[in-house]
Every structure is written in C-alpha cells, then in structure tokens.
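Grab a pencil and work through these exercises with the structure open beside you. Try each task on your own before you read the solution.

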Amino acid sequence: MGTALVTGATAGLGLEFAWQLATARHDLVLVARDEDRLERVATQIRAAAGVRVEVLSADLSVHDDVARVADRLAVTGEDEQDDRRPVGLLVNNAGFATAQHFVGGELETELRAVDVMVRAVVQLTHAAVGQMTARGRGAVLNVASVAALTAGGTYAAAKAYVRTFTEALAVELKGTGVTATVLCPGFVRTEFHDRAGLDMDHVPDPGWLDASYVVSEALADVRRGVVISTPSVRYKAAAALLRLAPRTAVRALGKYR
Ligand SMILES: NC(=O)c1ccc[n+]([C@@H]2O[C@H](COP(=O)([O-])OP(=O)(O)OC[C@H]3O[C@@H](n4cnc5c(N)ncnc54)[C@H](OP(=O)(O)O)[C@@H]3O)[C@@H](O)[C@H]2O)c1
C-alpha cells in the first residue's frame, strides 16, 4: 500500500494517523522530537500491524532536522544501494498552540510556530512532490485548522498560510496523479491544549471531536481527492459562517490559540 510519512506522530492526531495508516497496510516513517516515545510507538505498531516502521527524531523548528526529513522524502526508490521505499503519502501534522499574545509575547515562540507550521510544511512538501510527480502518484495531507478562518494570533495566520498553500498546490498538481488536501478540524481531544497550558473548560462537549473520527474522515477525503477537508457537519457549518461573516465580526472573536 505504499509508505506514509507522518510528522508529529507520537501523540494526538499524528498518532491516530499512524495507527489508521498501519491498519490499512501502509509502511510508516514517524517523525517527532521525543526519540523514546517514537521508538515505543514504532515497536507497538510493528507488533500489532506487521508493517515496516522507520523513526526519524527531528525538531521541525531546527533547519538541519527539517533537511534530514526532506532527504527521506526525496528518496525515489531507484537507488539499488538504498532499500528505503519512496513516500507515497506525506502528512504534515506536527504543530502546537502559541498560547500567547504577539504583543509582549516571546518572539522565540512566534518564530518557532512559523518554523514548524509554515517553513517545515513548505520544505517537506517541496521534497515530497518532487519525487511524487516524477513517479506520477502520491498525496500530501497538510493539517491546518478551522482557526485558519479566524484572526487568532500567529497560530491562525500559520494555519491560514497552510490552507491557501495547499489549495494553490492542488491547482498546480492537477493532472499529475498527485493530490493535495488540507485538513481543517475544530477542537480535537489530544495533548495540544494541555501542552500549551490552555484552559478549555469553556468549550462544551459538542464542540469537541474525537481524533479517530477526524483522522478517518481526513483519510477518506485524501482517497477521494478532496482539497479542503473539514470533518463534521458542526464544523462545516462553523467554517461556512466564518467565511460569510463580516471580517469585523470575525476579528471580534480573535484571540490567540
Ligand atoms: N487538537 C486540536 O484541537 C486541533 C485543532 C485544529 C488543528 N490542530 C492541529 O493538529 C495538528 C496535531 O495537533 P494535536 O492536537 O495532535 O497535538 P498534540 O497531541 O500536542 O501532538 C503534537 C505532535 O507534534 C509533535 N511536535 C510538536 N512540536 C514539534 C516539533 N517542533 N518538531 C517535531 N514534532 C513536533 C509532538 O511530538 P514531540 O513533542 O515528541 O515533538 C506530537 O507528536 C497540529 O498541527 C495542530 O495545530 C489541532
């Protein structure tokens, strides 16, 4: 079934992508910073699903680390000395909440957000689509957020970039056999908010989505070649409202995420 590379594969949506893809008989390349956790996940998936799992420990805010992951994505499978298989599905999923105001916030955090959620996405996608278009098949799935339609700080701006970038990519890729999909979920129960120290008590139960549901919808949309994937009727409606609402009203909602 081909090899999938998933960034941020040790927790939340990325971990769910890894399991669902392994269950669908994809070999995997798992990327995240925490090497022990990566090895644990890889061991569990190999044992349960019997697929090949490579691990690549990389901090996607570090340029040399991103370059190592890009080198893996550029593998074409044509080099007889290299037994690594080409990646047929890239899932650019790693991300984090900046959870601060820009004014008076840590510049380092803002720049790390841009590096992980914009720069790395661009570089990894570039490496992947090079070999995918040459082979005439493949898919890129970029994880943005419904926040892309809001004015919620650098996080929302980064996600808006990813959304527009993926749409532009989908246009360019037409007819190549390679597709591009952007996933724009609402609130999903993962480690995301806890890691950022965000108190989410104000979000009622119906506002939350399960990672397993979001990932199965996203992968179904990739298989169908859908460009913008927004799981659930609730969040499809929320996205439609955000697109139609006057931007003054959208800005009034604006808050960091
Ligand atoms: N949860 C939500 O409500 C929600 C909603 C909309 C969109 N999203 C998006 O969904 C994606 C996944 O988020 P999640 O909710 O699954 O978060 P999560 O549970 O916190 O998992 C984040 C994953 O990304 C990895 N990661 C974080 N920083 C990294 C870095 N610098 N380099 C490499 N890997 C890094 C983490 O592993 P290490 O710490 O080991 O590196 C972990 O595997 C993100 O892009 C997020 O913006 C989430």
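**Exercise 1. Find out which elements make a β-α-β unit with strand 4, and give its handedness.**

Solution. This is a predicted model, so keep that in mind as you go.

- Step 1: Start at strand 4, pass through helix 4 and end up in strand 5; together these make a right-handed β-α-β unit.
- Step 2: Look at how the two strands are joined: strand 4 and strand 5 run parallel and share four bridges.
- Step 3: Zoom in on one pair, where Leu90 stands opposite Val140 in strand 5.
- Step 4: Now check the other partner of strand 4. Strand 1 also pairs with strand 4 in the parallel sense, over four bridges, and here Leu5 has Leu90 as its bridge partner.
- Step 5: Ask how covered strand 4 is. Five of its six residues are buried, so you can call it mostly covered.

**Exercise 2. Decide whether Thr125 is buried or exposed, and list what it touches.**

Solution.

- Step 1: Locate Thr125, which sits in helix 4.
- Step 2: Compare its relative accessible area with the cut-off: buried means under 20%. Thr125 has 1%, so it is buried.
- Step 3: Skip the residues up to four places away in sequence and list the rest: Thr125 touches Leu90, Asn92, Val140, Asn142, Phe165 and Leu169.
- Step 4: Link this back to Exercise 1. Leu90 and Val140, both on that list, are the two residues that stand opposite each other across strand 4 and strand 5.

**Exercise 3. Work out the order of the strands in the sheet, and say which ones stand at the edges.**

Solution.

- Step 1: Read across the sheet. It's an open one of seven strands, in the order 3-2-1-4-5-6-9, with parallel pairing.
- Step 2: Go to the ends of that order. Strand 3 and strand 9 (228-229) each have a single partner strand, so one side of each has no neighbour in the sheet.
- Step 3: Check the partner of strand 3: strand 2 pairs with it in the parallel sense over five bridges. In one pair, Ala32 is matched with Ser57 of strand 3.
- Step 4: See what lies across the sheet at strand 5, strand 6 and strand 9. That's helix 5 (residues 153-173), running at about 160 degrees to strand 6.

**Exercise 4. Explain why the buried residues of helix 3 can be said to share one side.**

Solution.

- Step 1: List the buried residues of helix 3: Asp65, Val66, Val69, Ala70, Arg72 and Leu73.
- Step 2: Check how far they spread around the axis. They cover an arc of only 155 degrees, which puts them on the same side of helix 3.
- Step 3: Flip to the other side of helix 3, where Asp64 and Asp71 are exposed.
- Step 4: Ask what does the covering. Strand 1 (3-7), strand 2 (27-32), strand 3 (53-57), strand 4 and helix 4 are among the elements that cover the buried residues.
- Step 5: Take Asp65 as a test case. Its relative accessibility is 16%, so Asp65 counts as buried, because the limit is under 20%.
- Step 6: Find its partners: leaving out neighbours within four places in sequence, Asp65 contacts Ala58 and Asp59.

**Exercise 5. Compare two loop residues, Ala58 and His101: which is buried and which is exposed?**

Solution.

- Step 1: Place them both. Ala58 is in the loop between strand 3 and helix 3, while His101 is in the loop between strand 4 (87-92) and helix 4 (107-135).
- Step 2: Use the accessibilities. Ala58, at 3%, counts as buried, whereas His101, at 52%, counts as exposed; the limit for exposed is over 50%.
- Step 3: List the contacts of Ala58, leaving out residues up to four places away in sequence: Val31, Ala32, Arg33, Asp65, Arg68 and Val69.
- Step 4: Spot the overlap with Exercise 4: Asp65 and Val69 are touched by Ala58 and belong to the buried residues of helix 3.
- Step 5: Finish with a distance. His101 and Phe165 are 64 residues apart along the chain, and their C-alpha atoms are separated by 25 Å.

Definitions and conventions
Residues numbered from 1 in each chain as written. Predicted model: local features only at pLDDT ≥ 70, side-chain atom pairs only at ≥ 80, totals over all residues. Heavy atoms only, no water. Buried < 20%, exposed > 50% of the residue type's maximum accessible area, 1.4 Å probe, protein only. Contact = heavy atoms within 4.5 Å. Arc of directions from axis to C-beta. Pairing = 2+ DSSP bridges. Axes fitted to C-alpha atoms, helices over the stretch in contact; angles between N-to-C directions. Right-handed = clockwise from strand over helix to strand, strands pointing away.
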